[in-house]
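Student: Could we go through this structure together? I would like to learn how the terms are applied.

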Amino acid sequence: MTRVLYLYGGWPGHKPYQVAEEWALPIFKHLGFDVDETNDIFSLDADLTGYDLIALNWNNALLSEGLTAAQESNLLGAVENGTGIAAWHGAAAAFRTSLKYHWLIGGSFLEHPAGEGVKYPYQVTVTDTGHPVTAGVKDFRVASEQYYMSVDPNNHVLAETTFTGEHLPWLEGKTIPQAWTRTWGRGRVFYSAVGHDLDDLQNPDVTRLCTQGFAWAARTFAHTSARTSA
């Protein structure tokens, strides 16, 4: 049985409780995962190595929020020893003062040029159609917060978006990754920037991408699958 710690909550603007009830938990049930839910970041003070996957939908209320040194060490240590990470959207804006956390997930949110909370329509293009996470996922459009991000060049990019320059002319034609995988020690990491609200996440291609990303990142999948692409 795949054991999952699902940490969600914080700032209510991303509706983490609705997302949990109507999207994430049904996906975990579909995958057959055994889930421990928590809305308390102090759960990261415990030993996390017994989990096969840590799913993160934590949204900071304050930019000054960060993990304690012990929490950061527990999280990174668990992933180094094989626990997977699956995170989306606001997780890249969480724990802003914890630099190693952002190194772990492979990126950090910088801005949404169209404005916070603006449902701006944009295209997401799948760049690696041969990866297990993108199997059957087509290019898609969403009306969401288009994330402009700082991204680790060592990520394995799965999908990207291109900015039109409508809001910031100097961004015209600039491309930013929107979904990727990476490894940290023996652990696997999956992140998707899409998901400001439930409508975005319930797009069939987004749901498929994330479902396959959750499975790919989990320790049990990593140990039993012959597909080892990072």
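Student: Why is His-89 called buried?

Tutor: Buried means under 20% relative accessible area, exposed means over 50%, and partly exposed lies in between (1.4 Å probe, protein chains only). His-89 has 0% relative accessibility, so His-89 counts as buried. Keep in mind that this is a predicted model, where local features need pLDDT of at least 70, side-chain atom pairs count only at pLDDT 80 or more, and totals for chains, interfaces and linings use all residues. Residues are numbered from 1 along each chain as its sequence is written, and side-chain values use heavy atoms, leaving out hydrogens and water.

Student: Where is His-89 found?

Tutor: His-89 sits in the loop between β4 and α3 (99-105). Helices (H or I, at least four residues) and strands (E, at least two) are DSSP runs, numbered from the N terminus.

Student: What makes the pair His-89 and Tyr-147 a polar contact?

Tutor: A polar contact is a pair of N or O atoms within 3.5 Å; within protein, one must be able to donate a hydrogen and the other to accept it, and residues adjacent in sequence count only if both atoms are side-chain atoms. The side chains of His-89 and Tyr-147 are joined at 3.2 Å, so the pair fits the limit of within 3.5 Å. The side chain of His-89 also reaches the backbone oxygen of Ala-193 at 2.6 Å.

Student: How do you know that β1 and β2 pair?

Tutor: Two strands pair if DSSP finds at least two bridges between them. Five bridges join β1 (residues 3-10) to β2 (residues 34-38), and the two run parallel. Val-4 stands opposite Val-35 in β2.
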